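Please go through the sequence and the model shown here together with the text that follows. The paragraphs start from a single residue and widen to the helices around it.

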Amino acid sequence: ASVQPEEPQAVPAEEPPKVSPSEEAKDNPKIQDEEEEEEIITTTRKHEEEKEAEGDFDEDEYVKDEFKAPWENLEVARTIYEKTKQMTEDQAEFERVNWNLKADILERQGDLEVCRENTEVGTEIYKQLIELCIERNLDRKKSRTIAGILFKMGLAYNLNESGYQKAIECFTEAAEILGH
């Protein structure tokens, strides 16, 4: 009797241990951050939906919050400008050299007020800006900068039904400056 070699039997391959997604997340900080971010977004959406369903959602309050940080940043910029000017020995020279920084701050404040639908305040800020430009010897009849400010004023006036005539005046003056 001959002995036949035994055929090797197939050994089942070892499967890696099954890891649940939550266990995998424990070891991977990126997944933890993504899950946490998704949870925050979901919670925020649910909260807003609940407030809206209850009638507690105040769109005006939401808009105010949306513009709070930009307004605070502009106030900080304005304060820094004013404090730096006060610390300078020759304040007139400081203003002469740095008037454009003040102009940028005023322009952004005007823009923000118009976005907040405070068009009267926005147009008053734009008027201050034009006065500043004229003080710094920009020619109202030739300055492209002033034309741009007049255009923004026209847009702001246009948002009010009673401001159409003033809007037309601003747009017309801006077009004349630009030679159109």
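T123 lies in helix α5. The model is a predicted one, and in it T123 has a relative accessibility of 3% and counts as buried, because the limit for buried is under 20%. Leaving aside residues up to four places away in sequence, T123 touches M153, A156 and Y157. M153 and Y157 are also among the residues through which α6 meets α7.

The wider setting is a chain of helices. The protein chain has seven helices and zero strands, and along the sequence the pattern reads α-α-α-α-α-α-α. Of its 180 residues, 23% are buried. Of the contacts between residues at least 6 apart in sequence, 44% join residues at least 24 apart.

Two helix pairs can be described in detail. Two packed helices are described by the angle between their axes and the distance between the axes.

The pair that includes the helix of T123 is α4 with α5. Helix α4 covers residues 91-115 and helix α5 covers residues 119-135; their axes are 7 Å apart and the packing angle is about 160 degrees. An angle over 145 degrees counts as roughly antiparallel, so α4 is roughly antiparallel to α5. The crossing in which α4 passes α5 is left-handed. On the α4 side the contact is made by W99, K102, A103, L106, E107, Q109, G110, D111, E113 and V114, and on the α5 side by T119, V121, G122, I125, Y126, Q128, L129, L132 and C133. Sorted by class, this contact has ten nonpolar, five polar and four charged residues.

Two residues of α4 show how this contact looks from one side. L106, in helix α4, has 11% relative accessibility and is therefore classed as buried. Apart from residues up to four places away in sequence, L106 touches I125, Q128, L129 and L132. These four residues are listed among those that α5 brings to the contact with α4. The C-alpha atoms of L106 and I125 are separated by 6.4 Å, with their positions 19 residues apart along the chain.

Q109 is also found in α4. Its relative accessible area is 6%, so Q109 is buried. With residues up to four places away in sequence left out, Q109 touches I125, and in addition W71, L74, E75 and R78. I125 is thus touched by L106 and by Q109.

What is the arrangement of α6 and α7 relative to each other, roughly parallel or roughly antiparallel? Helix α6 runs over residues 144-158 and helix α7 over residues 164-178; their axes come within 8 Å and cross at roughly 160 degrees. The two helices are therefore roughly antiparallel. Here too the crossing is left-handed, with α6 passing α7. From α6, the residues in the contact are R144, I146, A147, L150, F151, M153, G154, L155, Y157 and N158; from α7, they are Y164, K166, A167, C170, F171, E173, A174, I177 and L178. By class, the contact of α6 with α7 has 14 nonpolar, two polar and three charged residues.

Each of the two contacts described above includes a cysteine. C133, on the α5 side of the contact with α4, is buried, with a relative accessible area of 1%. C170, on the α7 side of the contact with α6, is buried at 7% relative accessibility. How many disulfides are there? With a sulfur-to-sulfur cut-off of 2.5 Å, the count is zero.

The loops remain. E117 is in the loop between α4 and α5. E117 is not a glycine, yet its phi is positive, at about 70 degrees. With a relative accessible area of 67%, E117 is exposed. N137, in the loop between α5 and α6, likewise has a positive phi, near 70 degrees, in a residue other than glycine. At 70% relative accessibility, N137 counts as exposed.

N160 is found in the loop between α6 and α7. Its relative accessible area is 28%, so N160 is partly exposed. The C-alpha atoms of N160 and E117 are separated by 9.4 Å, and the two residues are 43 residues apart along the chain. That distance links the loop between α6 and α7, where N160 lies, with the loop between α4 and α5, where E117 lies.

Key:
Residues are numbered from 1 along each chain as its sequence is written. This is a predicted model: local features need pLDDT of at least 70, side-chain atom pairs count only at pLDDT 80 or more; totals for chains, interfaces and linings use all residues. Side-chain values use heavy atoms; hydrogens and water are left out. Axes are lines fitted to C-alpha atoms, for helices over the stretch in contact, and angles run from 0 to 180 degrees between N-to-C directions. Angles under 35 degrees count as roughly parallel, over 145 as roughly antiparallel, 65 to 115 as roughly perpendicular and the rest as oblique. A crossing is left-handed if the near helix is turned anticlockwise from the far one by less than a right angle, and right-handed if clockwise. Contact means heavy atoms within 4.5 Å. Ala, Val, Leu, Ile, Met, Phe, Trp, Tyr, Cys and Pro count as nonpolar, Asp, Glu, Lys and Arg as charged, and the others, Gly among them, as polar. Buried means under 20% relative accessible area, exposed over 50%, partly exposed in between (1.4 Å probe, protein chains only).
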